Amino acid sequence: MNTIRFEHHTSDMYINELCPFKIKYMKDCTHIVANWHRNLELIYIVGGSASLRRGSELCTVNKGDALVISPETVHSIYSDKGVDFWFVIADEGFLSENGLFAENNRFSMHGCDNETKEAIKAVILAYEDMQTNNSQTSVAKIRNAVLSLMIDVFEKYTEVLEVKKENRITGEGYVKKAMQYIGENCGRHITVEEIALKLGITKYYLSREFKKQTGETVISYIGLVRCKRAEQLIMQGHTVTEAALESGFESGSYFSQLYKKIKGIPPSEIKNMPAYHKSTSRSTFDDENDPVS
């Protein structure tokens with residue numbers, strides 16, 4: 001069954017005000033649709049394998065791999081058989097108050113070393129400890145673990161960006177603007193021509209760059225976003241038809257057909273799905289004594 005997950009990294013999804021982090025375990029994922037955000041992200045694969053796209057770069061990741069996702073980089077994950085992974089996101093405000101400025105750096109596309117992987121594990125274990133044993137030191141422990149990880153990342157994987165004198169938008173920049181426009185307008189009929197006109201580029205250039213940066217066509221991406229919006233509405237109590245029409249579909253039947261094609265189940269079963277995948281226990285790493293490479 002194909003699974004699509006969307007990443008929405010907003011402040012209301014952080015642990016709490018003192019812990020502006022998003023730390024989450026994703027299990028059996030086959031597709032995380034292309035997305036981007038302002039914050040630095042680390043992904044640690046704990047089971048299976050997948051193709052991970054960062055901008056126009058496509059690489060294969062396997063169990064034990066860890067990678068850094070630079071801020072504002074379009075990225076997505078695909079896996080035929082499903083992949084299990086953790087991701088850690090630290091708010092840019094937390095970084096800047098500690099003298100770390102991610103927006104001034106581009107982070108290496110190469111995998112992380114064992115020391116960094118151990119730092120990621122320390123963050124995850126501090127997070128799991130907070131969930132099961134919320135002591136008065138839990139906040140300090142997780143803040144310390146995240147800061148130690150970020151210091152490690154900044155020391156090893158950053159490449160200082162040169163300030164560009166030109167304000168010319170790159171292909172990736174147009175794609176991110178297109179993704180934002182789709183998110184804001186997918187509830188009504190929109191076309192590739194309309195989006196391209198809004199951005200001041202040709203539809204051919206937009207189509208080529210969108211496929212290059214996300215692995216999706218513009219039309220397929222619109223469908224994915226609409227499916228997610230409809231899914232959320234159904235979980236809030238709307239009927240399938242109501243959710244479909246409000247999300248920009250022409251009919252409930254077309255939404256049902258597309259949703260089943262993407263996720264392998266009809267929309268009528270959405271309310272039986274768990275809203276989030278939760279980490280189970282510290283056994284997530286399988287055997288923590290196994291070397292990772």
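This is a short walk through the structure above, from the overall chain to its cores, two of its helices and a few individual residues.

Let us begin with the whole chain, bearing in mind that the model is predicted. The protein chain contains nine helices and eight strands. Of its 293 residues, 50% count as buried. Sequence-distant contacts are well represented: among contacts between residues at least 6 apart in sequence, 75% join residues at least 24 apart.

From there it is natural to look inside. In soluble globular proteins, nonpolar side chains tend to be buried together. In this model, the largest nonpolar core has 36 residues, and the members that touch the most others are Ile182, Ile195, Leu206, Phe210, Val218 and Phe255. Two or more residues come from each of strand 2 (21-35), helix 4 (171-185), helix 5 (192-199), helix 6 (203-214), helix 7 (218-235), helix 8 (240-246) and helix 9. Helix 7 gives the largest share of this core, with nine residues. Apart from this core lies another, of 34 residues, which includes Leu95, Phe107, Cys112 and Leu149.

Helix 6 is a good place to see how one element sits in its surroundings. Its twelve residues span 16 Å from the first C-alpha to the last, close to the 16 Å expected at 1.5 Å a residue. Leu206, Glu209, Phe210, Gln213 and Thr214 are its buried residues. Looking down the axis of helix 6, you will find these buried residues within an arc of 105°, so they line one face of the helix. What covers them? The cover for the buried residues of helix 6 includes strand 2, strand 3, strand 6 (75-90), helix 4, helix 5 and helix 7. After helix 6 comes Gly215, with a positive phi near 80°.

Phe210 also leads us to the aromatic residues. The whole structure holds ten aromatic pairs. In one of them, the ring centres of Phe210 and Tyr221 are 5.4 Å apart and the planes meet at 65°; with an angle over 60 degrees, the pair is therefore edge-to-face. This pair links distant parts of the chain, since Phe210 belongs to helix 6 and Tyr221 to helix 7, eleven residues apart. Both Phe210 and Tyr221 are buried.

Now follow the chain on to helix 9 (residues 252-263). Like the helix we have just left, helix 9 has twelve residues and reaches 16 Å from its first C-alpha to its last, close to the 16 Å expected at 1.5 Å a residue. Its buried residues are Gly252, Phe255, Leu258, Tyr259, Ile262 and Lys263. Seen down the axis of helix 9, they fall within an arc of 130°, so these buried residues line one face of the helix. Turn to the other side of helix 9 and you meet the exposed residues Ser253, Gln257 and Lys261. Just after helix 9, Gly264 has a positive phi of about 85°.

Phe255 deserves a closer look here. Leaving aside neighbours within four places in sequence, Phe255 is in contact with Cys227, Ala230, Ile234, Val240, Ala244, Phe249 and Pro267. Phe255 also belongs to an aromatic cluster, together with Phe249, Tyr254 and Tyr259.

Not every buried residue is nonpolar, and Arg54 is worth a stop. Where is Arg54 placed? Arg54 lies in strand 3 (residues 40-54). Its relative accessibility is 2%, under the 20% cut-off, so Arg54 counts as buried. A polar atom of the Arg54 side chain lies 3.0 Å from the backbone oxygen of Val68. Not counting residues up to four places away in sequence, Arg54 touches Cys59, Leu67, Val68, Ile69, Thr73, Val74, His75, Ser108 and Met109.

Finally, two backbone details are easy to miss. Asp28, in strand 2, has a phi near 55°, a positive value in a residue other than glycine. With 43% relative accessibility, Asp28 counts as partly exposed. Glu72 has a positive phi too, near 65°, and is again a residue other than glycine. Glu72 is found in the loop between strand 5 (66-69) and strand 6. Its relative accessible area is 30%, so Glu72 is partly exposed.

Conventions. Residues are numbered from 1 along each chain as its sequence is written. This is a predicted model: local features need pLDDT of at least 70, side-chain atom pairs count only at pLDDT 80 or more; totals for chains, interfaces and linings use all residues. Side-chain values use heavy atoms; hydrogens and water are left out. Helices (H or I, at least four residues) and strands (E, at least two) are DSSP runs, numbered from the N terminus. The expected span of a helix is 1.5 Å times one less than its number of residues. Buried means under 20% relative accessible area, exposed over 50%, partly exposed in between (1.4 Å probe, protein chains only). The arc is that of the directions from the helix axis to the C-beta atoms. A polar contact is a pair of N or O atoms within 3.5 Å; within protein, one must be able to donate a hydrogen and the other to accept it, and residues adjacent in sequence count only if both atoms are side-chain atoms. Contact means heavy atoms within 4.5 Å. A nonpolar core is a set of buried Ala, Val, Leu, Ile, Met, Phe, Trp, Tyr and Cys residues joined through side-chain atoms within 4.5 Å. Rings of Phe, Tyr and Trp (its six-membered ring) pair if their centres lie within 6.5 Å; planes under 30 degrees apart count as stacked, over 60 as edge-to-face and the rest as tilted.
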